[in-house]
Amino acid sequence: MKKNLRSAVVFILLCLGCFQGCVNPSKESFLTVEETSCIGCGACVKVCKYDAITIIGNKAVIDPSKCQLCGRCVKVCPYDAIH
Amino acid sequence: MKQAAVLAIFFLAAPLFADYQFEFKGYDVLGESRSGSGVYKSNAGLLYGVFNATLPLSPAWDILLSEELDDVLRLSYDGPAANPVDRISPFSEKKLPSSNNVAAGLRFTGLGTLSLSFKNMEYWDALPIYPEFLQTNYVSADPNYVWSGDMVKRQSRNNINAYWLIPISDFSVLADINYFGLNYSLDQGGANINTFTDTVFGSWSGTYQDLWSRFSLGWAIDPAFNLSAGVLNKSDLNDNSKYDLHRYTVQMKGNQVTLGDNNFTWSLSGRWYESEQMKENGFAVGPGALLYARDVFTLDRGLFLKGSMSLEVGHNLYKERFEFAFRKAWENESSVETGYFTNQGGLFPTQGLYLRTKNYLTPRFSVSTDSKSVYEGPEGFYSKLINPDGIRFIKAIGAIEGAFSISKHFEFLGGVDYTYYNSMAFEDTDFPSRGGVYLGVRTWVQ
């Protein structure tokens, strides 16, 4: 039992630590704005071609009903806060 | 340029304000993008200016002013190209917009903090946008023309905001309501069946409006632990409820908990999305959870090791982000920070390395450097737009800035920066590589 638990913990730690992208992107995933990194500078608002981003409470908020996943905001963000 | 004149007037009037921040920079930017055999270059003089200030009217009332002129993202290909035929870039998407953002507001501090503000953003050289949500069927076309497409461009964006934060003992109530109105122009294109020429046979303008409202209730059980629940609603005001959005959240948060040499912050949130359009687009609606943790470990005086992680899970959804950083700061405010971050499981799985330094060579003169490289792995791109195979991007940034202060809160600055983007021909998500040199001033009082 203890051995299994230890194996599971080691597996999880190794998995979290390797960052090789084994976690496949999920079909239903949507863009996330890291609220701790975003400062609301608005660079993403300017480059969005779908008018899908607004600044609310000094943070970027992406409207999932308009976003077309082109990724321009991901590239232009100076703080890499969108992924 | 009149916006620069407005900034100059604000700067001269700065002593009237209780607190203010002013920064103005003049850039000379060189850009380059490659496509096939063509090399597209530009050289433009650009401006950046920002002014934020508070003008007290009475102990309870303040006027808030803000002006931001941002020309720096702009880049247009009107310079010489390798091939004279290619003097104009075929990629209109590479033309980035300039903007002027002006805001004024009134703040009341009494029963909590209440503020009302109006913000206007003007777009120049705006990108064409392709909003399927706009009502583009304005008129019936002339029978001599065959419809060949609409061109929609943003003209301006208006925002009216009402914000009220009320602390009552250990509780806090927040109401934040935002109206957004996007003014756009629409050119309807057509091909003349008699002359076989394309033309614009009609130009219209319109406004797309939506209302965002955010309400939350917080309970500080302990200075370092609180609970909150909130709702974020978007209402489409164009009679199209398909684009409405509702997000409900509950959150537990441990804030700045000190455990020995560790400073630990964590949060656990549950959220629920409801949106007809999200469902139609295939995004995860319904329940989801987000775990965030950050620890700052003090190794020695001024020497810190930082680590943070966030996990987002939901139905068919698993995203993770990790960041590790190391920071050393000295008593004269010089510092060096380096770190690594990675995002996995999302649509844009990026990894990046960064190194930032600030070195006070003398008490008045400092040199800052900033370098970063970001890579997006091709395996993670799932795009609805075009064939995603092999798409990835690399971004590398290098910058050096020198600042010379003539008083505690006034400094002259100058610097060079360069941003590299790898080129992906015919990708509308492409950005040009570009370098710039700038001079400016920065002043602030708090």
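1. B:Ile168 belongs to strand 7 of chain B, residues 145-168, where strands are DSSP runs of E with at least two residues, numbered from the N terminus. B:Ile168 also helps to make a nonpolar surface patch of about 530 Å², together with B:Phe171, B:Val173, B:Leu217, B:Trp219 and B:Ile221. Such a patch consists of residues with over 30% relative accessible area and no salt bridge, its nonpolar side chains (Val, Leu, Ile, Met, Phe, Trp, Tyr) being joined within 5 Å; a salt bridge is a side-chain nitrogen of Lys or Arg within 4 Å of a carboxyl oxygen of Asp or Glu, and areas follow Shrake-Rupley with a 1.4 Å probe.

2. This is a predicted model, in which local features need pLDDT of at least 70 and side-chain atom pairs count only at pLDDT 80 or more, while totals for chains, interfaces and linings use all residues. Residues are numbered from 1 along each chain as its sequence is written, chains are lettered from A in the order in which they are written, and side-chain values use heavy atoms, without hydrogens or water.

3. Strand 8 (171-192) and strand 9 (198-222) of chain B each supply at least two residues of the patch, and strand 9 gives the most, with 3 residues.

4. In chain A, strand 1 (residues 53-56) pairs with strand 2 (residues 59-62) in the antiparallel sense over 4 bridges, pairing requiring at least two DSSP bridges. The two strands form a hairpin with 2 residues between them, and A:Gly57 in the turn has a positive phi of about 60°; A:Ile53 stands opposite A:Ile62.

5. A:Thr54, in strand 1 of chain A, is buried at 4% relative accessible area, buried meaning under 20% (1.4 Å probe, protein chains only). Not counting residues up to four places away in sequence, A:Thr54 touches A:Lys59, A:Ala60, A:Val61, B:Arg157, B:Phe180 and B:Trp212, contact meaning heavy atoms within 4.5 Å.

Note on methods. Buried < 20%, exposed > 50% of the residue type's maximum accessible area, 1.4 Å probe, protein only. Patch = residues over 30% accessible without salt bridge, like charges linked within 9 Å, V, L, I, M, F, W, Y side chains within 5 Å.
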